[in-house]
Amino acid sequence: MACGAAREGKSDTASLELLPSAPRKMNENKPGGSQNSTCVFCRKNDDCPIKYGEKKTNEKWNLTVHYYCLKCSVCKKTGASIGCVAPRCKRSYHFPCGLQRECIFQFTGNFASFCWKHRPVQIITPNNCRDSLLCTICLEFIEPIPTYNVLRSPCCKNAWFHRDCLQVQAVNAGVFFFRCTICNNSDIFQKEMLRMGIHIPEKDASWELEENAYQELLQHYEHCDVRRCRCKEGRDYNVPDSKWEIKRCQCCGSSGTHLACSSLQSWEQNWECLECRSILYSAGEFEKAKKHALPNTNVGINDCLLEESSPKLPRQSPGDQRKDVLRQGSKFRRDISTLIIELAFQVKKKPKKVFINKANIWNSALDGFRNKNFNPSYTIEIVYVNENDHFGREQPGSKQEFLSLLMQQLENSPLFEGSLSKNLSLNSQALKENLYYEAGKMIAISLVHGGPSPGFFSQTLFNCLAYGPENTQPILDDVSDFDVAQIMIRVNTAATVADLNSLVHDYYKYLELIGCLRIITSISDKYMLAKDILVYHVIKRVQAPFESFKQGLKTLGVLEKIQTYPEAFFHIFCHKPENLSAKILSDLFTVHTLSDVQTLGFWNSYLQAVEDGKSTVTMEDILIFATGCKSIPPAGFKPSPSIECLHMDFPVGNKHDNCLALPITSTYKEFQERMDFAIKNTLRLEKEENSHFI
């Protein structure tokens with residue numbers, strides 16, 4: 001891992017031999033030590049982590065080095081240990097001296113170093129340059145001309161940066177959050193910055209490591225802001241599931257009202273504060289509410305209805321209502337991965353072990369999540385156990401693999417009915433055991449902790465969650481019961497009043513039981529009859545399971561996020577992820593270490609062969625083998641999937657670290673045979689182990 005490693009190809013261990021026991025004894029904060037000691041490589045005592053890396057002191061040998069100077073793997077002596085990788089260039093230098101002469105050190109790949117004559121440059125056409133622009137980090141003016149100290153974004157052509165500003169941001173953000181400040185691109189941006197010598201540490205962002213850094217974001221606004229609050233206990237009084245529960249503005253979330261103070265009938269009813277409503281009015285999103293007296297109340301119109309109640313939508317069909325709500329939410333459209341990352345801010349670094357029997361995922365998950373010591377806002381650590389193992393051995397497991405298996409079992413559980421697009425079923429035993437609540441909780445935990453999304457909800461079920469059952473109209477495809485579907489078909493195909501009356505006579509007891517019995521006077525009555533049956537069977541019949549499921553989905557604020565940004569969540573709840581391709585997998589797996597070039601070529605050829613159907617393995621099989629997931633989670637993988645090439649007989653998938661080890665072979669045919677054999681047989685054995693539960 002040396003800046004000069006590409007020159008002579010020596011291993012990383014060479015530099016470590018200079019400091020015996022260095023990995024165990026390095027002390028960054030020894031009083032009066034590393035702050036004043038001189039680096040044994042560069043002979044400087046500067047303590048500037050941004051320029052030279054952190055200072056490390058080996059207490060046993062009383063040796064101090066800069067972290068960047070330690071990376072040299074060429075010379076075992078002090079002195080000019082870094083050389084330019086350009087052919088025939090004889091320049092060598094200390095790391096600090098190289099910085100002073102504007103050399104470039106690439107902290108990736110071979111960790112190449114380039115002198116001031118051979119360093120890489122950014123090629124910018126002159127017509128793209130203007131007089132002066134702002135550095136998008138420090139907001140100070142810079143000349144938009146590419147130099148050593150001025151860099152341009154590869155993805156946003158008018159985004160320019162000071163090199164020092166970029167380096168500070170990279171050290172603070174780390175590999176997971178360092179991205180273009182304009183478009184948030186990370187892949188293209190990081191590749192170019194690494195090429196131009198910006199060091200991007202493989203660590204979490206500095207703000208992620210602070211204890212309770214985002215606690216203020218978890219504090220919900222609980223204050224009644226209407227002009228006349230009628231709660232005797234005061235504006236801060238909040239009692240859930242009562243008329244004195246505080247409802248926040250659905251647009252900004254920074255204003256609130258008691259339900260009773262704004263004549264809201266239920267918590268699901270939308271409400272906007274005055275400021276947000278004025279914006280919606282000016283944008284033409286709502287018709288202004290007409291003045292009318294409130295029934296059975298002595299509250300004046302000016303005090304309540306016109307001031308604080310939600311504007312009334314014009315009378316529309318349910319489909320038009322949904323379109324209006326979607327248009328209303330368009331100004332709050334957000335990227336789904338960003339929304340889930342925001343939810344993940346709640347997860348504390350405090351780990352909590354969850355013991356899972358892989359042969360009984362469902363019951364293990366129930367026991368773990370119901371444990372009184374379980375907290376969904378703690379970091380989940382999966383530990384696999386085997387009840388048949390008499391030695392009681394434990395094995396660390398992949399959290400994403402566990403959540404993926406759990407979502408598969410949930411999709412196939414009796415809690416849902418339907419083929420591809422599913423609705424909630426009515427299962428009295430599950431209701432008694434509170435399993436609908438647990439199901440909602442599982443989905444919320446999976447999303448926030450980096451697992452997969454459901455992807456099997458019907459549009460009707462999602463709309464009930466996002467907009468409320470009262471604003472949702474089910475369709476015939478939502479009916480999975482064959483007998484009920486036959487009744488619906490007879491209603492829809494009835495051609496005369498006599499046909500309708502005959503149907504009502506045949507199903508009199510059923511229609512009376514579900515409260516849909518009506519007098520038929522014209523053929524148009526069939527539409528209302530069909531609607532009543534649909535609403536009962538799909539929505540009213542499962543009202544109790546729905547309420548329980550919704551409460552579980554409130555875990556970690558997921559339901560509230562869905563209702564605020566329904567467009568963003570609709571796709572991941574109602575559709576399966578996009579099909580994997582060779583390019584997607586090739587871009588997904590990164591090479592973090594110096595790897596065999598021929599093997600990497602075999603890997604890309606193998607991906608293309610799988611995509612072309614020339615292998616019995618599928619793209620999903622490869623992803624499952626390496627990560628335990630058959631699709632890419634909405635928030636991506638953490639840690640990012642990586643590849644390494646090793647001298648071994650067969651590939652190995654480390655699902656805990658999302659790492660795929662490829663076998664180094666002499667021919668592509670041998671490489672493909674080993675890959676196919678290992679992936680197929682590994683997944684077959686895992687499937688056989690769990691076949692009687694999944």
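Which residues does Phe-573 touch, leaving aside those up to four places away in sequence? The list is Ile-443, Leu-447, Pro-454, Gly-455, Phe-456, Phe-457, Phe-462 and Ile-562. Keep in mind that what you're looking at is a predicted model.

## The cores

Phe-573 belongs to the largest nonpolar core, which has 76 residues. Together with Phe-402, Phe-457, Ile-533, Phe-549 and Phe-569, it touches the most other members of that core. Helix α16 gives the largest share, nine residues. There's also a second, separate core of 26 residues, and Val-150, Ala-173, Leu-194 and Ile-200 are among its members.

Now zoom out to the chain as a whole. It has 694 residues, and 45% of them count as buried. Its secondary structure comes to 28 helices and 22 strands. Take the contacts with a separation of 6 or more: 63% of them are between residues 24 or more positions apart.

## Helices around α16

Let's go back to α16, which covers residues 435-448. Its axis and that of α14 come within 10 Å and cross at roughly 145 degrees. The crossing of α14 past α16 is left-handed. On the α14 side, the contact is made by Leu-403, Leu-406, Met-407 and Leu-410, while α16 brings Ala-439, Met-442, Ile-443 and Ser-446. Sorted by class, that's seven nonpolar residues, one polar and no charged ones. You've already met one of these residues: Ile-443 is also on the list of residues that Phe-573 touches.

Helix α22 (residues 543-553) is another one to look up. Its buried residues are Pro-545, Phe-546, Ser-548, Phe-549, Lys-550, Gly-552 and Leu-553. They pack against several elements, including α16, α15 (428-432), α17 (459-467) and α23 (558-564). The strands β17 (416-417) and β18 (423-424) are packing partners too.

## The sheet under α14

Helix α14 (residues 399-411) has a second set of neighbours: it lies across β14 and β15, at about 80 degrees to β15. Those two strands are part of an open sheet of three strands, in the order β14-β15-β16, with mixed pairing. At the edges sit β14 (348-357) and β16 (394-396), each pairing on one side only. On average, neighbouring strands here are turned by 35 degrees against each other, direction ignored. Strands β14 and β15 (residues 378-385) run parallel and are joined by eight bridges. In one example, Lys-353 has Glu-381 in β15 as its bridge partner.

## More strand pairs

Here are four strand pairs side by side.

| Strand pair | Sense | Bridges |
|---|---|---|
| β14 and β15 | parallel | eight bridges |
| β2 and β3 | antiparallel | four bridges |
| β19 and β20 | parallel | two bridges |
| β20 and β22 | parallel | five bridges |

Strands β2 and β3 form a hairpin with four residues between them. In the turn, Asn-62 has a positive phi of about 55 degrees. Across the pair, Lys-56 is partnered with Val-65 in β3. Which way do the residues of β2 point? Lys-55 and Thr-57 go one way, whereas Lys-56 and Asn-58 go the other, and all are buried. As background, side chains in a regular strand alternate between the two faces of the sheet.

Strand β20 (residues 642-646) pairs with both β19 (residues 590-591) and β22 (residues 659-663). Ser-642 is a handy residue to click on here. Ser-642 is the bridge partner of Thr-590, and it also stands opposite Cys-659 in β22.

## Some unusual backbone spots

In the loop between α27 (619-627) and β20 you'll find Pro-639. The peptide bond leading from Lys-638 to Pro-639 is cis, with omega near 0 degrees.

Two residues that aren't glycine have a positive phi: Leu-139 at about 65 degrees and Asn-658 at about 55 degrees. Leu-139 sits in the loop between β8 (133-134) and β9 (141-142), and Asn-658 in the loop between β21 (652-654) and β22.

Is Leu-139 buried or exposed? Leu-139 counts as exposed because its relative accessibility is 57%, and the cut-off for exposed is over 50%. Asn-658 has a relative accessibility of 1%, so it counts as buried.

Conventions: Residues numbered from 1 in each chain as written. Predicted model: local features only at pLDDT ≥ 70, side-chain atom pairs only at ≥ 80, totals over all residues. Heavy atoms only, no water. Pairing = 2+ DSSP bridges. Axes fitted to C-alpha atoms, helices over the stretch in contact; angles between N-to-C directions. Contact = heavy atoms within 4.5 Å. Left-handed = near helix turned anticlockwise from the far one by under 90°. Nonpolar A, V, L, I, M, F, W, Y, C, P; charged D, E, K, R; others polar. Core = buried A, V, L, I, M, F, W, Y, C linked by side-chain atoms within 4.5 Å. Buried < 20%, exposed > 50% of the residue type's maximum accessible area, 1.4 Å probe, protein only.
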